[in-house]
Amino acid sequence: MAKLLEGKTVRDQILSELRPRIASLPRKPGLAVVLVGHDPASEIYVRNKVKTCHELGIHSEHLTPPATITTDELLALIGELNARPDIDGILVQSPLPKPLDEGRVLQEISPDKDVDGFHPINAGRLSINAPGLRPCTPSGVMEILKRNAIETTGRHAVVVGRSDIVGKPMAMMLLHANATVTICHSKTLDLPAMCRHADILVGAIGRPAYLTREHIKPGAVLVDIGINQLKTRDEVARIFANDEKKLMAFDSGSRVVVGDFHPGDAMELGSAFTPVPGGVGLLTIAMLMSNTVAAAEARQKV
Ligand code: NDP
């Protein structure tokens, strides 16, 4: 039976370590969150980010330009935020409505204020293991591993997923932590066999309960980054083995989510497992706060 690697404990530790650092800054850290248009899921994420800022005493500004804003207008807005001395971090919530040019917008953010860690300069810094702002979700995974004393040196880590914001930086961070790393993706041949080599198996694909017992080497550490909302009652019944609580939640219209791992198989075969919900997802905002404080410290030369 796998040990559950709960995100809450690690998140609370990280947030409580940030408080004295915030208090000792000459000026409150400032985070600007830009949410273009009205995407309901993005609105929830942004609300949670702003709420955590308030709880920690980070100054936050929530900018909500309409979906009709042009790329040039958005670039100008980011230019203004880049120039503001009281703003240490800028986050543009993705996905941006089409036809906005997300790549150009993200590259306009000053790399020193790029608290999402998506700017090519920060991707480059990560690649050469130089100091810089790192993507929040994989950073959160590294904190979970470190704070649960999970050894990475010399172990074989397999990361399934190669996106620029999750899979690739995750693989890079594990490599810098001295793991031997394999990256898999949708064109990988015989994914189950690849995954069965993993001492640490990371799922970052966005497919509900896709990684099952055939992918898991018994005793592996299983890190589940995927967050997938289940759409049918049949899926809920199948994945959660007719768990009554999950079915009742689904029937009452609540969001039922599952990660990229089949939770029953992961619990049975893994030595440790990050649950969904309650695992990696809880760390992402904490790492955003951590990046904002780090950016503020660097800019205020603390
Ligand atoms: P993307 O869709 O950008 O990338 C998915 C990756 O998975 C791609 O590299 C794709 O391969 C690969 N993939 C898809 N299907 C398969 C398959 N059948 N076999 C092997 N590889 C496959 O997603 P993201 O990286 O943005 O997000 C991944 C998951 O993480 C999502 O569920 C997302 O919701 C979640 N997430 C969670 C966060 C958190 O806070 N916990 C934060 C961010 C994301 P290819 O490149 O070949 O297409």
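## The buried face of helix α3

In helix α3, the buried residues (under 20% relative accessible area, with a 1.4 Å probe and protein chains only) are Thr71, Leu74, Leu75, Leu77, Ile78 and Leu81. They sit on the same side of α3, because they cover an arc of only 160 degrees around the axis, taken from the directions from the axis to the C-beta atoms. An α-helix has 3.6 residues a turn, so residues three or four places apart point the same way. On the other side of α3, Asp72, Glu80 and Ala83 are exposed (over 50%).

This is a predicted model: local features need pLDDT of at least 70, side-chain atom pairs count only at pLDDT 80 or more, and totals for chains, interfaces and linings use all residues. Residues are numbered from 1 along each chain as its sequence is written, and side-chain values use heavy atoms, without hydrogens or water.

## Partners and length of α3

The buried residues of α3 pack against β2 (30-34), β3 (59-63), β4 (89-92) and α4 (102-108). Contact here means heavy atoms within 4.5 Å. Helices (H or I, at least four residues) and strands (E, at least two) are DSSP runs, numbered from the N terminus.

Why should α3 span 18 Å? The helix has 13 residues (71-83), and the expected span is 1.5 Å times one less than that number. Its end C-alpha atoms are 18 Å apart, which agrees.

## Two domains

Domain 1 covers 26-114 and domain 2 covers 136-283. These bounds come from an automatic or database domain assignment. The C-alpha centres of the two domains lie 29 Å apart.

## Helices α6 and α7

Pro138, Ser139, Val141, Met142 and Leu145 in α6 (136-147) meet Pro169, Met170, Met173 and Leu174 in α7 (167-176).

Key
Axes are lines fitted to C-alpha atoms, for helices over the stretch in contact, and angles run from 0 to 180 degrees between N-to-C directions.
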